[in-house]
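Subject: Structure for your review

Dear colleague,

Please find below the structure that I am handing over to you. I should be grateful if you would keep it open while you read the notes that follow it.

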Amino acid sequence: MKNMVGNFNIIDDIMHKTENEIKNIKPISIILIGKTGVGKSTLINRIFRENLAETGIGRPVTKHLRRITKDGVPIVLYDTKGLELNNEAQKEVLKEIFETISEGKKNQSNKEIHLVYYCINANSSRIEPLELELIEKLSTKIPVVVILTQSIGDQSKEFGQYIKNLNLPIYGVVNVMAQEFIISNDLTIQPFGLKELIEMSFQIIPDEQKRAFNNAQQVDIERKAKSARSWAFKYIASSFGVGFMPIPFSDASILVPMQLTLLAHITAIFGISMDKATITSMLAAIGGTGGATYAGRYIVSTIIKLVPGVGTIIGGVISGATASIMTTALALSYIEVLTVIAKSEKDGKYPDLKNIEKLMKEKFENRLKNSKKTSNDAEEIPGEKKSKWQFWK
Ligand SMILES: Nc1nc2c(ncn2[C@@H]2O[C@H](COP(=O)(O)OP(=O)(O)OP(=O)(O)O)[C@@H](O)[C@H]2O)c(=O)[nH]1
Ligand SMILES: [Mg+2]
């Protein structure tokens, strides 16, 4: 019971819960193949969060293969080098690649590779026979996407079309400019193609790895938000639906541990580099730093203040409907703030902690004020009973 009276650390709890959640996500594993300088590292850093190519830990697997991982990001990347060397070395690279793939396919190795990003510089306008052979052979083992990197102008598009016309057994060809390319003072090519690459990848990878991929990618932030929302709605519906026993307002803190689990799960779905300071700012916005009791009281007093109709039942109980409204507002505002953070992280910026707290408070209050609308949205989730919303009549 101690946990519920406020002297347990909410911040640590949510951090641990999030870490555990992420540990339980089955990682996605991708191998990047391509000659030196095509832009493999640049691509990795733009597609995935946390500048993985730079900040991840790279361990040599073989002479030409490096395995890149980072704590808290459920992805394993294999980076290859040496494809541009002499014939002898090339053969060695190929051998190492196929051995690593076979090794991963062994039962329980936990090293299975799910996808190949085969990178070719879009301006090279031809593929060597050895590369063609390699792509064909790879395709018999793992799905291959050919990425034409540093794509500029029509010529790169034509090269893409040329590769498509070869009818290779690959999943697709994508023209990409991973990072803004400055041609001159007044001419810059904006990044493009990454979203298409991400969508294609989602279609190819096994369902079991989709959570990991969504967590690790930073190209499509809305996709993260969407899957977090969809999970949260289901969780809330099943927690506060039929069978929820109303609790007295004074016991609102009973709900807090459950809400923390919800926030931790959302954080894990989203994938975001969260430190203690960020979590603290967000929870401070809802009274969380004072412990569960404070958070519980804060949330209840805010809902009484902001949600029309609730004020008339002070001294009453928190019904399933009220609990659902509170928790939905919490989940949705949290997801909104994570979206803002993720978008700025992607651009290498980080919002000020004071702003995060302010934003969280603002979004939470807005969500409560609009909770009638939100509750109607929630009603559309299959399996929810209409009677849950009698509270509002
Ligand atoms: N502007 C811009 N430059 C790029 C892009 N891709 C690659 N480059 C540049 O090309 C050079 C090589 O890119 P890397 O990402 O290091 O290439 P790599 O394939 O990792 O090379 P190795 O690690 O040597 O195998 C760098 O100077 C990059 O800045 C891109 O999409 N946009
Ligand atoms: Mg590199």
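The notes below describe the domains, then the sheet, and then the surroundings of the ligand.

Please bear in mind throughout that this is a predicted model.

Domains

The domain assignment divides the protein into domain 1, residues 26-215, and domain 2, residues 220-392. Taken over C-alpha atoms, the centres of the two domains are 39 Å apart. Where they meet, seven residues of domain 1 are in contact with eight residues of domain 2. On the side of domain 1 that touches domain 2, helix 7 (194-204) and helix 8 (210-216) each contribute at least two residues. The largest share of that side, three residues, is supplied by helix 8. Sorted by class, the same side of domain 1 holds four charged residues, two polar ones and one nonpolar one.

The sheet

An open sheet is built from seven strands, and its pairing is mixed. In which order do the strands lie? Reading across the sheet, the order is 2-3-4-1-5-6-7. The edges are formed by strand 2 (57-60) and strand 7, each of which pairs on one side only. On average, neighbouring strands of this sheet are turned by 25° against each other, when direction is ignored.

Two of the pairings may be followed in detail. Strand 1 (residues 28-33) and strand 5 (residues 115-121) run parallel and are joined by four bridges. Within this part of the sheet, L32 has Y117 in strand 5 as its bridge partner. Strand 6 (residues 144-149) and strand 7 (residues 172-175) also run parallel, and four bridges join them. Here V145 has G172 of strand 7 as its bridge partner. Between strand 6 and strand 7 the chain passes through helix 6 (residues 153-165), and this β-α-β crossover is right-handed.

A further helix is placed against the sheet: helix 5 (residues 129-139) lies across strand 5 and strand 6. The direction of helix 5 is at about 145° to strand 6.

The ligand

Which residues are the closest to ligand 1? Ligand 1 is surrounded by 16 residues, and the closest of them are G39, K40, S41, T42 and A178. Helix 2 (residues 40-47) provides the largest share of this shell, namely three residues. By class, the shell around ligand 1 consists of nine polar, four nonpolar and three charged residues.

Yours sincerely,
A colleague

Technical notes: Residues numbered from 1 in each chain as written. Chains lettered and ligands numbered in written order. Predicted model: local features only at pLDDT ≥ 70, side-chain atom pairs only at ≥ 80, totals over all residues. Near = placed C-beta within 6 Å. Nonpolar A, V, L, I, M, F, W, Y, C, P; charged D, E, K, R; others polar. Domains from an automatic or database assignment. Contact = placed C-beta atoms within 7 Å. Pairing = 2+ DSSP bridges. Right-handed = clockwise from strand over helix to strand, strands pointing away. Axes fitted to C-alpha atoms, helices over the stretch in contact; angles between N-to-C directions.
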